[in-house]
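Grab a pencil and work through a few short exercises with me. Try each one yourself before you read the solution.

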Amino acid sequence: MKFVSTRSSGKPVSFTEAIFTGLAPDGGLYHPEAMPDLNDYFWNLPDEISFNELASNFTSALLSPEIDLTIARRIVQDAFTFSPILKEVRDDFSILELFHGPSLAFKDFGASFLASAMSHLLGKRGERAIILTATSGDTGGAVAQAFHRKANIDVVILYPSGRVSSFQEKQLTTIGGNVSALKVHGGFDDCQKMVKASFSDSRLKKLPLTSANSINIGRLIPQAFYYIWAWTQMRSKGAFTFVVPSGNFGNLTAGLYAAAWGLPAGLFVAATNVNDVVPKFLLSGKYRPKSSVATYSNAMDVGSPSNYERLEKLFSSNIVSFRQHIKAWSINDEITLETMSRVYKHYGYLCCPHTAVGWKAAELFKEQYPNSRVLVLSTAHPGKFLDVVKKATGVVPNLPKTSANIMRKKKIAHSVSHYDEDLAEWLIQNFK
Ligand SMILES: *Cc1c(COP(=O)(O)O)cnc(C)c1O
């Protein structure tokens with residue numbers, strides 16, 4: 001598989017080039033040049049296949065000869081020390097828990113795979129890389145955990161001082177080893193600006209700087225694997241519909257990729273909070289990005305989803321095609337809370353606000369299609385959104401032991417000002 005930018009028909013690049021470049025030179029996102037037909041492959045998958053075996057097989061099916069089955073197995077084994085967990089709530093209603101990774105959110109699947117792939121590909125070439133990334137809180141933790149102890153890689157994370165929660169700060173600053181946390185005296189925008197400036201700073205030309213943004217195609221491809229794995233577990237009882245809590249629309253795009261390769265899933269439900277540009281687009285046919293609004297499901301507070309560019313490519317900008325594959329609902333905060341409370345009362349199940357948005361959209365979908373079966377992707381552990389869960393249900397969810405311990409660990413952060421020069425100096429001192 002080769003990759004091209006969503007914005008031009010420029011020369012296709014390899015997976016290696018696409019993941020180390022991140023954003024295409026013309027500012028577009030990398031997208032598969034052509035979709036392979038893996039239909040036979042899908043039907044030959046055994047029901048009892050493990051997630052890691054499936055992920056290894058698909059990695060090599062998609063990316064060989066660049067990544068053959070032996071290397072694919074190593075990358076996958078290194079990346080996934082956790083698995084998705086499928087839970088049947090009712091005969092026609094299931095949940096796919098994707099939050100059992102180190103940062104307790106589904107983004108661990110993408111981040112861990114990218115980290116592991118980068119580490120192996122660098123080793124093969126005898127090279128090193130420094131991942132430079134800015135975070136407003138959540139994604140930094142996932143990136144830090146994913147790249148921790150990966151050979152040939154150092155990680156530098158910039159976060160805004162005083163603007164992340166104490167748990168998030170602990171996640172960033174207690175890892176140590178190859179992960180450095182820089183506390184910036186400024187806001188998230190300053191952090192982002194500093195990272196950007198570093199990539200074009202002539203003093204830093206000698207450093208192998210690279211990024212690991214959520215738009216990296218190396219984070220999207222592995223997310224397709226849990227859709228496929230869920231299908232192997234669900235298919236004996238017939239067809240079903242995936243429901244995907246969405247913000248930047250990476251998760252949904254990954255599912256649509258799997259469908260383009262042959263996964264028999266006709267329709268997907270996109271569930272958003274009141275940041276509803278995609279649901280509105282499907283109704284009106286007009287795409288109108290806007291500023292984001294803060295909600296309880298804050299990881300989905302996106303007013304201009306970057307992956308819309310990839311969706312446009314997939315559907316050749318044809319609204320009819322969009323509507324054939326995606327149905328969308330927007331759920332407000334009040335209904336999100338009501339759903340969390342009701343789900344807890346009826347099923348004894350605690351869900352995070354993002355998952356609740358998905359749950360409600362699944363119910364609305366079932367009102368329209370009463371005989372359908374649904375699978376809701378559960379994107380984060382309820383313990384990550386303690387205040388909202390407590391407000392909705394009166395219950396304080398437990399965090400898994402490893403995460404609870406984090407609050408007792410010692411924080412190590414280096415302080416830098418919000419000036420580009422300060423970051424450049426720090427990088428030169430630490431990596432010259
Ligand atoms: C990032 C995130 C989402 C949204 O996923 P996209 O791929 O951006 O659509 C949903 N829920 C949680 C918990 C997230 O962290």
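**Exercise 1.** Which backbone lies 2.8 Å from an oxygen atom of the ligand, and which residues are the closest around the ligand?

*Solution.* Start with Gly 247: one of its backbone N or O atoms lies 2.8 Å from an oxygen atom of the ligand. That fits the cut-off for a polar contact (a pair of N or O atoms within 3.5 Å; within protein, one must be able to donate a hydrogen and the other to accept it, and residues adjacent in sequence count only if both atoms are side-chain atoms). Overall, the protein covers 95% of the 380 Å² of accessible area that the ligand has on its own (Shrake-Rupley method, 1.4 Å probe).

Before the next step, a word on the source: this is a predicted model, where local features need pLDDT of at least 70, side-chain atom pairs count only at pLDDT 80 or more, and totals for chains, interfaces and linings use all residues. Residues are numbered from 1 along each chain as its sequence is written, and side-chain values use heavy atoms, with hydrogens and water left out.

Next, look at side chains. Lys 107 has a polar side-chain atom 2.5 Å from a ligand oxygen, while Thr 379 puts one 2.8 Å from a ligand nitrogen. Finally, widen the view: 14 residues surround the ligand, and the closest are Lys 107, Gly 247, Asn 248, Phe 249 and Thr 379 (a residue is near if one of its heavy atoms lies within 4 Å).

**Exercise 2.** Is Phe 249 buried or exposed, and what is the sign of its phi?

*Solution.* First find Phe 249 in the loop between strand 9 (241–245) and helix 10 (250–261) (DSSP runs, H or I of at least four residues for helices and E of at least two for strands, numbered from the N terminus). Its relative accessible area is 3%, so Phe 249 is buried (buried is under 20%, exposed over 50%, partly exposed in between, with a 1.4 Å probe and protein chains only). Now the backbone: phi is positive, about 70 degrees, although Phe 249 is not a glycine. For background, most residues other than glycine have a negative phi.

Leu 104 also has a positive phi, about 65 degrees, and isn't a glycine either. You'll find Leu 104 in the loop between strand 4 and helix 5.

**Exercise 3.** What does Ser 103 touch?

*Solution.* Place Ser 103 in the loop between strand 4 (93–97) and helix 5 (107–125). Then list its contacts, skipping residues up to four places away in sequence: Asp 108, Gly 141, Ala 142, Gln 171 and Lys 384 (contact means heavy atoms within 4.5 Å). With Asp 108, there's a side-chain polar contact of 2.7 Å. Now hop over to Gln 171, which sits in helix 7 (residues 166–173). Because its relative accessibility is 3%, Gln 171 counts as buried.

**Exercise 4.** Which residues touch the most other members of the largest nonpolar core?

*Solution.* The answer is Phe 147 and Phe 242, in a core of 91 residues (buried Ala, Val, Leu, Ile, Met, Phe, Trp, Tyr and Cys joined through side-chain atoms within 4.5 Å). Helix 9 (residues 217–234) gives the most to this core, with 12 residues. Apart from it lies another core of 26 residues, including Trp 329 and Cys 351.
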